[in-house]
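Reader: Could you walk me through the reasoning behind the terms you use here?
Author: Gladly; here it is.

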Amino acid sequence: MNYNIAVIPGDGIGPEIVTEARKVLDMIGSTYGHTFDYTEVLMGGCSIDATGVPLTDEAMATALASDSVLLGAVGGNVGQSNWYQLPPNLRPEAGLLKIRKGLNLFANIRPAVLFDELKGACPLKEEIIDGGFDFVVMRELTGGLYFGERKTYEENGVTTAMDTLTYNENEIRRIAKWGFDIARKRNKRVCSVDKANVLDSSRLWRKVVKEVAADYPDVELSDMLVDNCAMQLVKDPKQFDVILTENMFGDILSDEASMVTGSIGMLASASLGDTKLGLYEPSHGSAPDIAGQNKANPIATILSAAMMLRYSFDLEKEADQIEDAVKAVLRDGYRTVDIMSAGKQLVGTKEMGDLICQYINK
Ligand SMILES: NC(=O)C1=CN([C@@H]2O[C@H](COP(=O)(O)OP(=O)(O)OC[C@H]3O[C@@H](n4cnc5c(N)ncnc54)[C@H](O)[C@@H]3O)[C@@H](O)[C@H]2O)C=CC1
Ligand SMILES: CC(C)CC(=O)C(=O)O
Ligand SMILES: [Mg+2]
């Protein structure tokens, strides 16, 4: 089969990690007789430099016409630049928000799995991670605070800035169904995370999630406040199967979840909607502090490419083979610097990609 993939390398480490994911896709393609045709698309800071905007209409049209989208990361240097003072629609991240909304990708799946091979890189105590853990963060992706009305205004000589967090019941219902459907294929437990003790949007969230739960009597539902969840993730990650939550809470909790798996460089992600067209990207950002140094861990992007094969193209066997190759490379002791521990062999971005390709055919 032939598949058309829109590729968005983006900024910072984006081009380096996407190169490795493409190598792995090509290796799996040549093994199974699939062809992946790539069309490169600009988004983020590189698009602003070239066109003046973070995502052009033409780039969006290319993504819409593709079978699937592979993304590295976008964004500038948080510590050292004034990027945050640009108007919201001109920040590199605005391209990402626009493409998620434009492709109607409201369901973001971020699997947090502790590979046996990486227990040494996990900061949690041995008795906590004994037996490993495997949960997913199911994050609503096109609503909430990142898409609400915002403004900065002067009143009585005082500058005030405002962001709004809005959800309607339909947006909550459709993501809740995704959460319960995924739980049904896993260990049948949904933990819905909100801030219903304070926020009206969370009170509605909790009510609608309970209504949806009535259609899934085989799935156990629990509710948890987000501050407690942040704590429980490091106290006892094994308790979770599917964490169902809104956009900003899911953004923050998934970064925390990544660290208990060993590194942010390990956490893959799939953004999906009502069609087979999905956007696949690592959960991390453009990591400007290590860009261009062959230090970035490409595994989150490579595992995201495996998710593309599974969710957009129904290529289960091929996706399994990539995941097995990643585990085998880790089992044999190869590590990028973010997951390095004593007695292991340090490799760079490119070498990690090459190793995973070699192990696909072992
Ligand atoms: N999906 C996206 O495109 C995202 C973009 N961003 C943007 O990225 C830029 C940088 O944001 P930060 O807050 O620094 O977050 P970040 O995720 O880029 O980096 C945080 C820390 O994790 C490390 N790190 C990230 N990915 C890594 C990898 N694959 N291998 C090894 N180490 C890795 C970085 O070196 C850094 O120390 C910002 O402009 C931000 O808005 C942030 C998150 C997601
Ligand atoms: C633009 C941000 C919402 C990107 C991000 O941090 C994420 O999706 O994890
Ligand atoms: Mg994030």
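**Domains, sheet and ligand**

Author: The domain assignment, automatic or from a database, splits the protein chain into domain 1 (1-117 + 261-362) and domain 2 (123-259). This is a predicted model, in which local features need pLDDT of at least 70, side-chain atom pairs count only at pLDDT 80 or more, and totals for chains, interfaces and linings use all residues. Residues are numbered from 1 along each chain as its sequence is written, while chains are lettered from A and ligands numbered from 1 in the order in which they are written.

Reader: What makes up the contact between domain 1 and domain 2?
Author: Residues are in contact if their C-beta atoms, placed from the backbone, lie within 7 Å. The contact takes 23 residues from domain 1 and 24 residues from domain 2. On the domain 1 side, β4 gives the largest share, 7 residues.

Reader: Why are β2 and β9 called edge strands?
Author: Strands (DSSP E runs of at least two residues, numbered from the N terminus) pair if DSSP finds at least two bridges between them. β2 (35-40) and β9 (220-225) each pair on one side only, so they count as edge strands.

Reader: How do you know that β5 and β10 pair?
Author: β5 (134-140) and β10 (242-245) share 4 bridges, in the parallel sense. At least two are needed, so they pair. One of the bridges joins Met138 to Leu244 in β10.

Reader: What surrounds ligand 2?
Author: Glu93, Leu96, Tyr146, Asp251 and Ser283; a residue is near a molecule if its C-beta atom, placed from the backbone, lies within 6 Å of it.

Note on methods. Two residues are in contact if their C-beta atoms, placed from the backbone, lie within 7 Å.
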